[in-house]
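Subject: the model I promised you

Hi,

Here is the structure we talked about, with my notes underneath. Have a look at it first and then read on.

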Amino acid sequence: MVSCQTSSLRVLIADDHELTRFSLKLMFSMQENIKLVGVAENGAELVELVKTQSPDVVVLDLQMPIMDGLTASQIIKQIQPNIALIAYTSFGDPQLEVMSKMANIDAVCSKDTPTAELLSLIRSLTKANQNQTSIR
């Protein structure tokens, strides 16, 4: 059976700053084919939401209380290896790339990146992950 319905990308965000969470929620609410399935204030909340919400992509801050984003990302990739993880950060640290690879972060995005670029990154990563899943 062929369906005419387009599927929505399931997105989950995690950031300890209220203004950042609010801005991302607002941006995602205005997008077609993107459904925000959860918002977390720290890495521990994020891991629990991943277990219950099964997102396609997670946009996460690296520096959060209780559990940081890198630690959370390692746990998330063990739970659901096909989730696309985007580190959304204000870091300019040269060690960030090395840390991201160790944690299986799929992309790093600066918090000053234009909205259209972040959305494009989300869509391209989820397409790449879907292609890898269907090849296996």
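Let's start at one side of the sheet: strand 4 (residues 84-89) and strand 5 run parallel and are joined by 4 bridges. One of the residues involved is Tyr88, whose bridge partner in strand 5 is Cys109. Strand 5 covers residues 107-110, and its two faces look quite unlike in their surroundings: Ala107 and Cys109 make up the covered face, while Val108 and Ser110 make up the uncovered one. That fits the general pattern, in which side chains of a regular strand alternate between the two faces of the sheet.

Keep in mind that this is a predicted model. More on confidence below.

Zooming out, the sheet is open and has 5 strands in the order 2-1-3-4-5, with parallel pairing. Strand 2 (34-40) and strand 5 are the edge strands, each pairing on one side only. On average, neighbouring strands in this sheet are turned by 25° against each other, ignoring direction. At the strand 2 side, strand 1 (residues 9-14) pairs with strand 2 in the parallel sense through 6 bridges; there, Arg10 stands opposite Lys35 of strand 2. Helix 2 lies across strand 1, strand 2 and strand 3, and runs at about 140° to strand 2.

Now for a residue you may want to click on. Where is Asp61? You'll find Asp61 in the loop between strand 3 (57-60) and helix 3 (69-79). Is Asp61 buried or exposed? Its relative accessible area is 5%, and since anything under 20% counts as buried, Asp61 is buried. The side chain of Asp61 reaches the backbone nitrogen of Gln63 at 3.5 Å. Setting aside neighbours within four places in sequence, Asp61 is in contact with Ala14, Asp15, Asp16, His17, Gly69, Tyr88 and Lys111. So Tyr88, the bridge partner of Cys109, turns up again in the contacts of Asp61.That same loop leads into helix 3, where Asp68 caps the N-terminal end: a side-chain oxygen of Asp68 lies 2.9 Å from the backbone nitrogen of Leu70. Within helix 3, Gly69, Leu70, Ala72, Ser73, Ile76 and Lys77 are buried. Seen down the helix axis, the buried residues fall within an arc of 155°, so they line one face of helix 3.

Two backbone angles caught my eye. Most residues other than glycine have a negative phi. Ser54, in the loop between helix 2 and strand 3, has a positive phi near 45°. Ser54 is partly exposed, with a relative accessible area of 37%. Ile66 also has a positive phi, about 70°, although it is not a glycine. Ile66 sits in the loop between strand 3 and helix 3 and is exposed, with a relative accessible area of 74%.

Finally, confidence. The protein chain averages a pLDDT of 83, and 79% of the residues score at least 70. Among the elements, helix 2 (residues 43-53) has the highest mean pLDDT, 97, and helix 4 (residues 96-102) the lowest, 60. For residues 1-5 pLDDT stays under 50, and the model has 0 contacts for them beyond four places in sequence. Residues 132-136 also stay under 50, with 2 such contacts. Where pLDDT is low, the predicted coordinates should not be read in detail.

Cheers

Definitions and conventions: Residues are numbered from 1 along each chain as its sequence is written. This is a predicted model: local features need pLDDT of at least 70, side-chain atom pairs count only at pLDDT 80 or more; totals for chains, interfaces and linings use all residues. Side-chain values use heavy atoms; hydrogens and water are left out. Buried means under 20% relative accessible area, exposed over 50%, partly exposed in between (1.4 Å probe, protein chains only). A polar contact is a pair of N or O atoms within 3.5 Å; within protein, one must be able to donate a hydrogen and the other to accept it, and residues adjacent in sequence count only if both atoms are side-chain atoms. Contact means heavy atoms within 4.5 Å. pLDDT is the predictor's confidence in each residue, from 0 to 100. The arc is that of the directions from the helix axis to the C-beta atoms. Two strands pair if DSSP finds at least two bridges between them. Axes are lines fitted to C-alpha atoms, for helices over the stretch in contact, and angles run from 0 to 180 degrees between N-to-C directions.
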